[in-house]
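This report goes through one protein model, from a loop to the sheets, the core and the ligand site. Please keep the sequence and the 3D view open while reading.

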Amino acid sequence: MKTGEYRDEHNNTALLESDIDRPVKFQGNGNIVRVGKNVILKATIDIRGDNNTVTIGEWSVIDGYIGFIRVNDACVDIGHHTTIGGGSSIQLHETSHVHIGADCMISSSVLITVSDMHPIFDEITGNRINPGAAVSLADHVWVGYRSYVGRGASVGAGSVIGAQSVVSGTIPPKVTAAGVPARVIREGIRWERNFPSGDRIML
Ligand SMILES: CC(C)(COP(=O)(O)OP(=O)(O)OC[C@H]1O[C@@H](n2cnc3c(N)ncnc32)[C@H](O)[C@@H]1OP(=O)(O)O)[C@@H](O)C(=O)NCCC(=O)NCCS
């Protein structure tokens with residue numbers, strides 16, 4: 001799709017300030033996709049439901065899949081200069097919010113989801129044990145290869161999540177956390193996308 005504003009007969013809107021490689025798929029009403037300037041968007045955006053929104057900040061490079069699966073009033077916002085690698089997936093099966101800050105680096109084959117995708121109940125009370133909950137990655141967070149970032153996860157600014165970790169709780173800023181479940185393994189860290197030689201590694 002070329003840069004421009006698109007609106008279909010179901011009031012779905014795509015506001016594109018960059019050309020994008022794949023068409024946005026809308027099945028529903030009143031959804032909005034905003035893509036900022038200088039974005040490389042290779043991801044499939046698949047919205048099934050009503051009144052969902054996706055915002056992608058300028059200079060971001062987004063691969064993988066962003067899916068709203070039979071859900072209404074949910075939201076994904078991705079800050080500027082953030083990269084998401086191939087095979088990664090942001091999924092919303094329940095009404096909630098995924099926030100990914102600016103200058104984040106989400107590796108390949110990472111799953112970010114606000115929901116377990118199926119309900120679990122306490123047998124006696126009948127109460128839902130696993131309600132969907134928002135995911136928040138603050139600015140300049142690096143999520144390692146094949147990690148799972150689940151409902152309610154929150155990662156503080158500047159932190160690193162090790163490869164193949166499972167994040168479900170709160171990880172503070174400026175730490176490395178890793179494992180299943182992810183635990184802090186190092187505090188007081190700072191990471192950079194580039195090596196000191198100046199060679200730029202995008203993902
Ligand atoms: C987390 C990571 C950055 C290493 O950080 P570090 O501070 O150098 O950690 P260390 O290697 O000193 O390991 C510290 C401890 O954490 C454990 N650990 C490290 N990475 C781990 C991981 N991914 N999962 C589980 N445990 C891990 C180590 O085994 C070690 O445990 P021990 O204290 O019981 O011996 C690295 O292991 C990693 O996972 N990198 C992912 C990189 C990636 O995904 N790149 C893709 C391109 S974006």
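## A loop with a cis proline

Pro-181 sits in the loop between S23 and S24. The model is a predicted one, and in it the peptide bond from Val-180 to Pro-181 is cis, with omega near -5 degrees. In general, most peptide bonds are trans, and most residues other than glycine have a negative phi.

S23 and S24 form a hairpin with four residues between the strands, and here Gly-179 takes a positive phi near 105 degrees. The two strands run antiparallel and are joined by four bridges. Within this pairing, Ala-177 has Val-184 in S24 as its bridge partner.

## Two further loops with positive phi

Trp-59 is not a glycine, yet its phi is positive, at about 65 degrees. Its place is the loop between strand S7 (53-56) and strand S8 (61-62). Trp-59 counts as partly exposed because it has 18 C-beta neighbours inside 10 Å, and a residue needs 20 or more to be buried.

His-81 is another non-glycine residue with a positive phi, of about 60 degrees. It lies in the loop between strand S10 (75-78) and strand S11 (83-84). With 18 other C-beta atoms within 10 Å, His-81 is partly exposed.

## The sheet of eight strands

Strands of a sheet pair through backbone hydrogen bonds, and the pairing can be parallel or antiparallel. One open sheet in this model has eight strands in the order S5-S8-S11-S14-S17-S20-S23-S24, and its pairing is mixed. Strand S5 (40-41) and S24 are the edge strands, each pairing on one side only.

At the S5 end, two bridges join S5 to S8, and these strands run parallel. Leu-41 stands opposite Ile-62 in S8. Further along the order, strand S20 (residues 160-161) runs parallel to S23 and is joined to it by two bridges. Here Ile-161 stands opposite Ala-177 in S23. Ala-177 is also the residue whose bridge partner in S24 is Val-184.

## The sheet of seven strands

Another open sheet has seven strands, ordered S3-S6-S9-S12-S15-S18-S21, with parallel pairing. Its edge strands are strand S3 (25-27) and strand S21 (166-167), and each of them pairs on one side only. Inside this order, strand S9 (residues 65-69) and strand S12 (residues 89-92) pair in the parallel sense over four bridges. Phe-68 has Leu-92 in S12 as its bridge partner.

Two residues of this sheet can be set side by side. Gln-91 lies in strand S12 and counts as buried, because 20 C-beta neighbours lie inside 10 Å. Leaving out residues up to four places away in sequence, Gln-91 touches Gly-67, Ile-69 and Thr-113. Gln-91 and Asn-130 are 39 residues apart in sequence, and their C-alpha atoms are 16 Å apart.

Leu-111 is found in strand S15 (residues 111-113). It has 17 other C-beta atoms within 10 Å, so it is partly exposed. With the same sequence neighbours left out, Leu-111 touches Ser-89 and Tyr-148. Leu-111 and Arg-128 are 17 residues apart in sequence and 23 Å apart in space, from C-alpha to C-alpha.

## The nonpolar core

In soluble globular proteins, nonpolar side chains tend to be buried together. The largest nonpolar core in this model has 49 residues, and Val-98, Val-149 and Ile-161 have the most contacts inside it. Strand S23 (residues 175-178) gives the most to this core, with three residues.

Which residues does Val-149 touch, not counting residues up to four places away in sequence? They are Val-110, Ile-112, Val-135, Val-143 and Val-167. Ile-161, another of the residues with the most contacts in the core, is the one that stands opposite Ala-177 in S23.

## Around the ligand

There are 15 residues around the ligand, and those that come nearest are Ser-107, Gly-144, Tyr-145, Gly-162 and Ala-178. S23 and strand S24 (183-187) are the elements that give two or more residues to this shell. By class, the shell has seven nonpolar, seven polar and one charged residues.

S23 thus comes up in several places: it gives the most residues to the core, contributes to the shell around the ligand, and pairs with both S20 and S24.

Definitions and conventions: Residues are numbered from 1 along each chain as its sequence is written. This is a predicted model: local features need pLDDT of at least 70, side-chain atom pairs count only at pLDDT 80 or more; totals for chains, interfaces and linings use all residues. A nonpolar core is a set of buried Ala, Val, Leu, Ile, Met, Phe, Trp, Tyr and Cys residues joined through C-beta atoms within 7 Å. A residue is buried if 20 or more other C-beta atoms lie within 10 Å of its own, exposed if 12 or fewer, and partly exposed in between; C-beta atoms are placed from the backbone. Two residues are in contact if their C-beta atoms, placed from the backbone, lie within 7 Å. A residue is near a molecule or strand if its C-beta atom, placed from the backbone, lies within 6 Å of it. Ala, Val, Leu, Ile, Met, Phe, Trp, Tyr, Cys and Pro count as nonpolar, Asp, Glu, Lys and Arg as charged, and the others, Gly among them, as polar. Two strands pair if DSSP finds at least two bridges between them.
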